[in-house]
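Here's a quick look at a ligand shell and a little sheet. Have the sequence and the 3D view open as you read.

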Amino acid sequence: MTSVNLLVIGGGPAGLSAAAMFSRLRRSCLIYDSGSYRNATTLHSHTISGYEGVDPAIYRQTLRGQLKDWYSEKTEWRKGKIVSLLKVEGGEGGFEAIDEEGREIKAKKVILATGVKDRLPDIPGMAEQWGRRVIHCIFCHGTETAKHPFAFLYTKANAPMNAKMVEKMLTMWTGLDHEPRYILANGIDVDTEEGRKDAGFEKYHDLVQQKGYKYITSAITSVKEDISISTSALEITFGTTHPPISVHSMLVFPEKITPSTDAEPLLTENFLQAPLGAMGIIAPPKPGRWEGTGVPFRIGDDPRTEVRGLFWAGNSGCATGNVTVSVAQGQLAGAMAGDELGHDELMSDIHANHNGVQ
Ligand SMILES: Cc1cc2nc3c(=O)[nH]c(=O)nc-3n(C[C@H](O)[C@H](O)[C@H](O)COP(=O)(O)OP(=O)(O)OC[C@H]3O[C@@H](n4cnc5c(N)ncnc54)[C@H](O)[C@@H]3O)c2cc1C
C-alpha cells in the first residue's frame, strides 16, 4: 500500500502541471499515466505557449523530466492505469485506488486529469488520418492548410452541432483562402429543406455558394493519404456517385466526445455524485457547495467536484480546452488540492486542541 497526499490520475499536460504545482508545497504526490493522450497522433502542436510547432510527445517528455529534476524527493510518476477508485467513508476519509497490477494506493486528495476520447464518423481511413490530414481545429493545425484545397465535412449524426460549425467556418476560416473549398454533406441532400437543416445550412445555403464553396452531397466511402503526387494529399472517394477529390486536409467535428477509455469505468454517477455533463465532462460543484476553501475570483473554472477532495483538470472537465488552458486548469487544481489538504489539517489541529489533545 502506498499512502500519498495527492494522487493525480492522468499524465497529459493537465495532470503533469497539476503535479508540478502541488509539488511546490513539498507534500507527497503520485501520478499515474496510462499514456493514451488525446493528441497522440499529432506530430506538431500549435498555441502551446513557448513551444510553437513542437511534437506534443516532446512537450510531455519535457514536463516529466522537469518534475523528476525538481521534485522527485516527494513526487513520483508511474506508467500505468488506475482501475478502481473509491471514496473512503468515515475514519480519515480520503480515497482508495487500485492500479492494473493490483497495487493499492491511499490518497487524501485526487485529481482526475483523465482527458477525453473523440469518437469519429465511421468512414474507412478516418481514424488513421485523425490529427494529421483529418483535423478538428484551426488553432491546432488549420493555419498550415492555407491556400490549399480543403474540405469541411458535415454528417447527419452531427445535426445538432452543424449550424454552429457552419457559422465557425464562415467566421474563423475565411482568412485561410482555401482553393478550391468543398462542403461535404456525406449523403445529406442539401437541396431539400430538411437536408439543409441536418447539414446546418438553413441560414447560409445561398451565401456559401456565392462565396465559392462547392457542395458534394454524395456519401464518402473512404479517405486515405495519397502520396503518389508531389505534395502528399488526402484523397476522398465517393464510390461511383462522384469522382474522388484531393485536398490538403479535411475538417471534421467528432460525432461524440466521451471520457477517455481508461477513465470511463471510474467516472460513474455514483462515484462523482453527479451525472457527466455535455461532451462527457466532469461537472463542477453546485454554487455554494463548499465552504472554508475557495477559488480565487476570476482565475478560472472551479476545479472541485461534488465529492470533497476530488478535483478535475484539463479535458476531463473542459473538453474544448487546448494544452495551455489544460495546463492552467491543472495548476489551479494542484493549488486548490494543496489548500484543501492544509485546511483539513488545520481544522483537525484546532479540533484536537479544543479536546485538550497535544
Ligand atoms: C488531433 C488533436 C490535435 C490537437 N492539437 C493541439 C494543438 O496543436 N495545440 C493545443 O494546444 N491543443 C491541441 N489539442 C488539444 C489537446 O490534445 C488537449 O488540450 C490536451 O491533450 C488536454 O490535456 P489533458 O491532460 O487534459 O488530456 P490528455 O492529454 O488526453 O491526457 C489524459 C491522460 O490521462 C490518462 N488516463 C485516463 N484514464 C486513466 C486511468 N484510469 N489511469 C491512468 N491514466 C489515465 C490517459 O491515458 C492520458 O494519458 C489537440 C487535440 C486533438 C484531438
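The notes below cover the ligand shell, a UniProt feature and a sheet.

This is a predicted model, where local features need pLDDT of at least 70, side-chain atom pairs count only at pLDDT 80 or more, and totals for chains, interfaces and linings use all residues. Residues are numbered from 1 along each chain as its sequence is written.

Let's start with the ligand. There are 42 residues around the ligand, and Gly10, Gly12, Gly115, Gly131 and Gly314 come nearest (near means a C-beta atom, placed from the backbone, within 6 Å). Helix H1 (13–23), strand E2 (29–33) and helix H9 (323–354) each give two or more residues to this shell; helices (H or I, at least four residues) and strands (E, at least two) are DSSP runs, numbered from the N terminus. Domain 1 (2–118 + 256–354) and domain 2 (121–251) each supply at least three shell residues, with bounds from an automatic or database domain assignment.

By class, the shell splits like this:

| Class | Residues in the shell |
|---|---|
| nonpolar (Ala, Val, Leu, Ile, Met, Phe, Trp, Tyr, Cys, Pro) | 13 residues |
| polar (the others, Gly among them) | 24 residues |
| charged (Asp, Glu, Lys, Arg) | five residues |

An unreviewed UniProt entry places "domain: FAD/NAD(P)-binding" at residues 5–141; such annotations may be inferred rather than shown by experiment, and their positions follow the numbering used here, with feature names shortened. That span is 26% helix and 30% strand, and its end C-alpha atoms lie 39 Å apart.

Now the sheet: E12-E13-E14 is an open, antiparallel one of three strands, where pairing takes at least two DSSP bridges. Strand E12 (222–226) and strand E14 (245–247) are the edges, each pairing on one side only. Strand E13 (residues 233–237) is joined to E14 by three bridges, and Leu234 stands opposite Val247 in E14.
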